[in-house]
Amino acid sequence: MAHSTINVGFTLPQLLRGARRIFATHSALLLLRHSAFCYCTANGTIKSKRKMDHLERTAKNFRQEVISKAKVCGITNESETVKRLRLAIADKAFTFKAGQWVDFFIPGLSVVGGFSICSSPGLLEREGVLELAVKHTDHPPAHWIHTECTLDSEVALRVGADLHGYQEGKGNGYKVGTVKLYYSAKKTSELLFKKNILGLMNAFPGKILCRFHVTQQSAQVCKELQPHVTEGRISEKDLAKHVSKDTLWYICGPPPMIESISNLLSSIGVPRKSVFFEKWW
């Protein structure tokens, strides 16, 4: 049975690294809001403003046993506030699946980071590297990445949060569906991975669809993006046309945005069991 899935917020790497896996399980509508990339899990109503440590927050999540040394072999400014790290993995036994994140250990720093992997498992298999996208914040691991991390800096990584998926044609009853992405930022320069998204749309016509929402755009939108850009926030009208019993909704972004979209979905008849989100620290 095909499903429709809607993701609200921002963990775009999950779409990029897991597109084929998503298609094998559901069709998806993704609504994205540019935000931090450090991973903390939650599924339900946000009830506390207390900020827990990454390891505390994810204590019940599965971890692989392998902790691998890694060396920074590339640093790219993905936007004014987000750096993409390219990491050479030392341990050949280190593996991950689409949808996973890593515990990020920094020598001399007691706080452990948690960051979503924004590259595919195939890149690790081919080149022995993976990539992380990290937004600048005061959180010690993110702050270190933006202020002290350099080429050849050494860290350690451990994989957590295994997301399993089915594959079409293996007798599980699932069929390839669609992914609809709503992605919001202040301006197009902050739409991270937009070229990757456009590439996915071209590679999977009719299966991956995207609307970029910009709320404070002053410069002219480039010709390539113009057909896909809407001025203004993601609205009830945008979401209401996708409501169905087979639609799954995934929200990623800062807590106020998650609360706002969750309440909006509830008001248009989306059951809570169909809404999933990650709660950021």
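User: What makes the order β6-β5-β8-β3-β4-β7 an open sheet, and which strands stand at its edges?

Analyst: In this predicted model, six strands in the order β6-β5-β8-β3-β4-β7 form an open sheet with antiparallel pairing. Strands β6 (113-116) and β7 (129-135) stand at the edges, and each has a single partner strand, so one side of each is left without a neighbour in the sheet. On average, neighbouring strands of this sheet are turned by 40° against each other, with direction ignored.

User: What makes β3 and β8 a pair of strands?

Analyst: Two strands count as paired if at least two bridges are found between them, and strand β3 (residues 63-77) and strand β8 (residues 154-160) pair over six bridges, in the antiparallel sense. Pairing of this kind runs through backbone hydrogen bonds. As one position to look at in the structure, K71 stands opposite E154 in β8.

User: How do you know that helix α4 packs on the sheet, and which strands are touched?

Analyst: Contact requires heavy atoms within 4.5 Å, and helix α4 (residues 140-147) touches β4 (82-89), β5 (101-105), β6, β7 and β8. The direction of α4 makes about 105° with that of β7.

User: Which residues of helix α5 are called buried, and why are they said to line one face?

Analyst: A residue is called buried when its relative accessible area is under 20%, and in helix α5 (residues 194-203) that holds for I197, L198, L200 and M201. Seen down the axis of α5, the buried residues fall within an arc of 160°, so they line one face of the helix. On the other side of α5, K195 and N202 are exposed, a word reserved for a relative accessible area over 50%. The general background is that an α-helix has 3.6 residues a turn, so residues three or four places apart point the same way.

User: How much of the chain is buried, and what share of its contacts join residues at least 24 apart?

Analyst: Buried residues make up 54% of the 281 residues in the chain, which has seven helices and 13 strands. Among contacts between residues at least 6 apart in sequence, 73% join residues at least 24 apart.

User: What is the average pLDDT of the chain, and where is the pLDDT below 50?

Analyst: The chain averages a pLDDT of 79, and 74% of the residues score at least 70. Over residues 9-27 the pLDDT is below 50, although this stretch has 95 contacts in the model beyond near neighbours in sequence. Residues 162-170 also have a pLDDT below 50, with 22 contacts in the model beyond near neighbours in sequence.

Key:
Residues are numbered from 1 along each chain as its sequence is written. This is a predicted model: local features need pLDDT of at least 70, side-chain atom pairs count only at pLDDT 80 or more; totals for chains, interfaces and linings use all residues. Side-chain values use heavy atoms; hydrogens and water are left out. Helices (H or I, at least four residues) and strands (E, at least two) are DSSP runs, numbered from the N terminus. Buried means under 20% relative accessible area, exposed over 50%, partly exposed in between (1.4 Å probe, protein chains only). The arc is that of the directions from the helix axis to the C-beta atoms. Axes are lines fitted to C-alpha atoms, for helices over the stretch in contact, and angles run from 0 to 180 degrees between N-to-C directions. pLDDT is the predictor's confidence in each residue, from 0 to 100.
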